[in-house]
Amino acid sequence: MANLNAGNGKSGAILVVGGGIAGVTCAIEAAEAGFEAVLVEKAAYLGGHVAAFHRYFPKLCPPPCGLEINFRRIRNNPRVTVYTLAEIESLKGSPGNYEAVIRIAPRFVTSACTLCGECERVCPVEIPDAFNSGMTKTKAIRLPHRMAFPAQYVVERSACPEGCRLCADACRYNAIGLAQQETWKTLRVASVVLATGWEPYDAAKIDNLGFGQFSNVVTNVMLERLAAPDGPTRGKILRPSDGKPPRAVAFVQCAGSRDRNHLPYCSGVCCTASLKQAAYIRSQYPEAKITMFYIDLRTPGQLEEFAAKTIAANGVELIKGKVGKVQEQPGSRDLLVSAEDVLKGRKIAREYDLVVLAVGIVPQTGGLPAGVNLDEFGFAADGNPGVYAAGCVKRPAEVAVSIRDATGAALKAIECVAGRAHHG
Ligand SMILES: Cc1cc2nc3c(=O)[nH]c(=O)nc-3n(C[C@H](O)[C@H](O)[C@H](O)COP(=O)(O)OP(=O)(O)OC[C@H]3O[C@@H](n4cnc5c(N)ncnc54)[C@H](O)[C@@H]3O)c2cc1C
């Protein structure tokens, strides 16, 4: 059983920062090759974005299956130590000999928690549920999501009313410690892998596409939750404004990506993600009109076949052209999408009742130690021997590529333990 939120500093270990699919893979691969791995995750649970998806392309299987296999590997491997609610405060040293200080925020709930849920029932405070992209509320004391690993409640203490102890008083197992404090640990590690992933581009910054102004404009990240059985609508994709089934859905590609005013690069996975989501819509609404507005359809490598099959099987209408504006129709709250149809050489304006913005991927590098190399777009770049990057913090990538990348990073990190540091 892995040591969760416990453990001492180790020498010769590999430090992995970020517990998404890339970080989890890297830590497991290093540990299964016989090396100590310390996995530091800032959220209360492992899995990163993948944990919130309804299905994975290309196989369209539910993510909890793949994640659960990895969590079992962690549970069964004593060489992996996991710290959740943790971030790196400082990192100094050189390949083979780093000192990392990690800061661990209190969970306020101990491993004596049995998930009985009594604390949640009595908690009087509701906060936006980040796991559902803020589309629902959750209690200040909560299990972060149904399949969370570790399966342990957590308290958003900043939201608690002064002196409130209702959850602690209701807990029959004495598992709530509202006086818990932040702690620090100093680790000696031989190498570091940065796997802090991505965050969605803030769609509200793209003022012509109506996000934040019109409630029936949602992002691709929100659509994953709308389609998920444990999401805000229990898996039924409905218009946020009136809860009605959508009859016509537009996917707007490159929402922020490949745009000098926002993200100058291609976010790599959004075209395939939108096609996957078109399949979600079709499976619920056989009659719905589905249109994808795109600049170039980018579904590289083996995803080409997934794209061709998905377009054909789901009757997705493709319009090559950048969307210029999304406007709301007064009364119906339907959306008028204006674009240039490049192939037909004309301007078009079409009505939809749901618009999904395929927002781009932004590398999550806030909270990384000073001195980490970043490229011109803000992604983590290799170049420091002993400190490597893996997954979407390095470049936009799908899960399979992130996993392969993380396995390669584990090997570089292992070589460092063995005294052979490479430049990324
Ligand atoms: C809408 C959408 C749908 C997608 N669907 C698919 C799909 O169906 N199939 C597919 O193959 N790919 C899909 N992808 C791509 C997929 O999301 C990525 O491949 C995957 O998330 C990469 O994993 P990661 O571990 O690099 O990053 P993440 O999933 O972002 O995980 C990073 C982890 O690091 C943690 N972290 C961040 N900063 C710190 C810090 N300072 N300290 C400690 N921890 C930190 C985060 O909390 C997070 O847990 C999709 C992408 C989008 C945008």
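P150 sits in the loop between β9 (141-142) and β10, and in this predicted model the peptide bond that joins F149 to P150 is cis, with omega about 0°. A cis bond is also found from F57 to P58, where omega is near 0°. P58 belongs to the loop between β3 (37-40) and α2 (63-75).

Some backbone angles also invite a look. F108 is not a glycine, yet its phi is positive, at about 70°; L115, likewise not a glycine, has a positive phi of about 65°. F108 lies in the loop between β6 (97-104) and α3 (118-122), and the loop between β6 and α3 is the place of L115 too. Their surroundings can be told apart by counting neighbours. F108 has 22 other C-beta atoms within 10 Å and is therefore buried, whereas L115 has 11 within that distance and is therefore exposed. A positive phi, about 55°, turns up again at G315, just after α7. Helix α7 itself covers residues 303-314, and its 12 residues reach 16 Å from the first C-alpha to the last, close to the 16 Å expected at 1.5 Å a residue.

The loop between β10 (154-155) and α4 (166-170) holds E162, and C160 is placed in the loop between β10 and α4 as well. C160 counts as partly exposed because it has 19 C-beta neighbours inside 10 Å, where 20 would be needed for a buried residue. Leaving out residues up to four places away in sequence, C160 touches V125, A140 and V155. P124, 36 residues away along the chain, has its C-alpha atom 8.7 Å from that of C160. E162, by contrast, is exposed, because just 4 other C-beta atoms are within 10 Å. From E162 to N261 the separation is 99 residues in sequence and 44 Å in space, C-alpha to C-alpha.

On the scale of the whole protein, the domain assignment gives domain 1 (3-104 + 182-197 + 364-417), domain 2 (118-170) and domain 3 (202-360). The centres of domain 2 and domain 3, taken over C-alpha atoms, are 32 Å apart. Their contact takes 5 residues from domain 2 and 6 from domain 3. On the domain 2 side, the residues that touch domain 3 divide into 1 nonpolar, 3 polar and 1 charged.

The ligand has 39 residues around it, of which G18, G20, G48, G197 and G391 come nearest. Domain 1 and domain 3 each contribute at least three residues to this shell. Helices take part as well: α1 (21-32), α5 (220-227), α6 (270-284) and α8 (399-417) each supply at least two shell residues. By character, the shell holds 20 nonpolar, 13 polar and 6 charged residues.

One of these helices, α5, is largely enclosed by the rest of the structure, because 8 of its 8 residues are buried. Its buried residues include the charged pair E224 and R225. The elements covering the buried residues of α5 include β12 (198-200), β13 (217-219), α6 and β20 (354-359).

Nonpolar side chains in soluble globular proteins tend to be buried together. In this model, the largest nonpolar core has 131 residues, and I14 and V16 touch the most other members. Beyond its neighbours within four places in sequence, V16 is in contact with several residues, among them A37, V38, L39 and V40. Other contacts of V16 include G23, C26, A27, V193 and A195.

Technical notes
Residues numbered from 1 in each chain as written. Predicted model: local features only at pLDDT ≥ 70, side-chain atom pairs only at ≥ 80, totals over all residues. Core = buried A, V, L, I, M, F, W, Y, C linked by C-beta atoms within 7 Å. Buried ≥ 20, exposed ≤ 12 C-beta atoms within 10 Å, placed from the backbone. Contact = placed C-beta atoms within 7 Å. Helix = DSSP H or I, 4+ residues; strand = E, 2+ residues; numbered from the N terminus. Near = placed C-beta within 6 Å. Domains from an automatic or database assignment. Expected span 1.5 Å × (residues − 1).
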